[in-house]
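Subject: Structure handover

Hi,

Here is the structure for you to take over. My notes on it follow below.

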Amino acid sequence: MRAARFLPLLFLLIFIVPLATHAAWWSMQGNAEDWRRADWSSAKLLPAASTEPEATVHVFAARVGRWRGVFAHHSWVVVKEAGASAYTRFDVVGWGTPVRVNHREADGRWYGNLPEPVAEIRGAAAEALIPRIRAAVKSYAYVTPGSYQAWPGPNSNSFVQHVMAEVPELARALPPTAIGKDFREDGLFAGLTPSRTGIQASLYGLAGFTIGWVEGVEINLLGLVAGLDLRSPALKLPGWGRVGV
């Protein structure tokens, strides 16, 4: 009986309170009212490709627009072969053909929000991974118009998580607020984490858990994630995302 009474309080403290406080903070940030007025320009996180001779791989994530930014990020992948004069950006959007190439600037703001670097690999290691990343993009299953679903997926984060699962050498985890990252085509999934450093179970991305060295400890409930980062100690909180070092 005591445990039954304690569970609602635990749910309130772990999921509802962080989400509510972040919603209050987000409402005061002066976000763009619609996509036409939003700033989509380069955040100047990457040097000009022509000045960067070595191969590079990047994964970025940025808060989405309007009220959805309370709890969600949009993520994408950027590659550049050695000597290439331009970056190539891959991401998925919710209108038209989902998978887009160079839809926005490689390091562009998303709905006015600054991108956060998730992963970066350079030099020979990046050069070796780029063909596999391009192959992973081509193997993504949800490419027809109408196949995108903002919640629980497949969406932009499901796409990037697919790429990272196909190329586990990226060895990074998407933000806990990357809703859709835990979506799995098979529905009820149990197996290795995308990084191959732990185990994961997921029910269509609506509920599940993850324990891994790269991904940390995560409990997913209706797409909201709470947990711990193990490699770089931090809390993972709904709304706020990763809070720590």
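L222 is exposed, with a relative accessible area of 52%. That puts L222 just on the exposed side, because the label needs over 50%. Bear in mind that this is a predicted model. L222 sits in the loop between β9 and β10 (224–229). Its phi is positive, near 60°, and L222 is not a glycine.

R196 shows a positive phi too, about 65°, and is likewise a residue other than glycine. Its place is the loop between β6 (188–192) and β7. R196 has 45% relative accessibility, so it counts as partly exposed.

**Strands β7, β8 and β9**

Strand β8 covers residues 207–212. On one side, β8 pairs with β7 (residues 198–203), antiparallel, over six bridges. In that pairing, G198 stands opposite G212 of β8. Three residues separate β7 and β8, and the two strands form a hairpin. Y204 lies in the turn, with a positive phi of about 55°.

Strand β9 (residues 216–221) is also joined to β8 by six bridges, again antiparallel. Here G212 faces G216 of β9. β8 and β9 make a hairpin as well, with three residues between them. G212 therefore appears in both pairings: opposite G198 and opposite G216.Within β8, look at T210. Is T210 buried or exposed? T210 is buried, with a relative accessible area of 3%. Its side chain makes a polar contact with the side chain of Q200, at 2.9 Å. Beyond its neighbours within four places in sequence, T210 is in contact with T193, I199, Q200, E215, G216, V217 and E218.

**The largest pocket**

The largest pocket holds about 510 Å³ of space. Of its 27 lining residues, V64, R68, A72, Y148 and A150 are the closest to the centre. Two elements give two or more residues to this lining: β2 (73–80) and α3 (156–166). What is the lining made of: nonpolar, polar or charged residues? The lining divides into 18 nonpolar, seven polar and two charged residues.

**Helix α3 and the loop before it**

α3 is mostly covered, with ten of its eleven residues buried. Those buried residues are S156, N157, S158, F159, V160, Q161, H162, V163, M164 and A165. The cover includes β1 (56–63), β2, β3 (88–92), β4 and α2 (123–139). N155 caps the N-terminal end of α3. A side-chain oxygen of N155 lies 3.0 Å from the backbone nitrogen of N157.

Check your cis handling in the loop between α2 and α3, where P152 and P154 are found. The W151 to P152 peptide bond is cis, with omega near 0°. The bond joining G153 and P154 is cis too, with omega about 5°.

**Two loop residues: N113 and R66**

N113 is in the loop between β4 (99–101) and β5 (116–122). N113 has 12% relative accessibility, so it counts as buried. A polar atom of its side chain lies 2.9 Å from the backbone oxygen of R63. Leaving out neighbours within four places in sequence, N113 is in contact with W26, N31, A62, R63 and V64. V64 is also one of the residues closest to the centre of the largest pocket. For scale, N113 and I219 are 106 residues apart in sequence and 26 Å apart in space, C-alpha to C-alpha.

R66 is found in the loop between β1 and β2. R66 is partly exposed, at a relative accessible area of 48%. Not counting residues up to four places away in sequence, R66 touches W26, A32, E33 and Y111. W26 thus turns up among the contacts of N113 and of R66. The C-alpha atoms of R66 and P175 are separated by 19 Å, with their positions 109 residues apart along the chain.

Over to you.

Best regards

Note on methods. Residues are numbered from 1 along each chain as its sequence is written. This is a predicted model: local features need pLDDT of at least 70, side-chain atom pairs count only at pLDDT 80 or more; totals for chains, interfaces and linings use all residues. Side-chain values use heavy atoms; hydrogens and water are left out. Helices (H or I, at least four residues) and strands (E, at least two) are DSSP runs, numbered from the N terminus. Buried means under 20% relative accessible area, exposed over 50%, partly exposed in between (1.4 Å probe, protein chains only). A polar contact is a pair of N or O atoms within 3.5 Å; within protein, one must be able to donate a hydrogen and the other to accept it, and residues adjacent in sequence count only if both atoms are side-chain atoms. Contact means heavy atoms within 4.5 Å. On a 1 Å grid over the protein atoms alone, a cavity is a set of points where a 1.4 Å probe fits but cannot get out, and a pocket is an open set with protein on both sides within 12 Å along at least five of seven lines; lining residues have an atom within 4 Å of a point. Grid points are joined across faces, edges and corners, and a volume is the space filled by probe spheres set on the points. Ala, Val, Leu, Ile, Met, Phe, Trp, Tyr, Cys and Pro count as nonpolar, Asp, Glu, Lys and Arg as charged, and the others, Gly among them, as polar. Two strands pair if DSSP finds at least two bridges between them.
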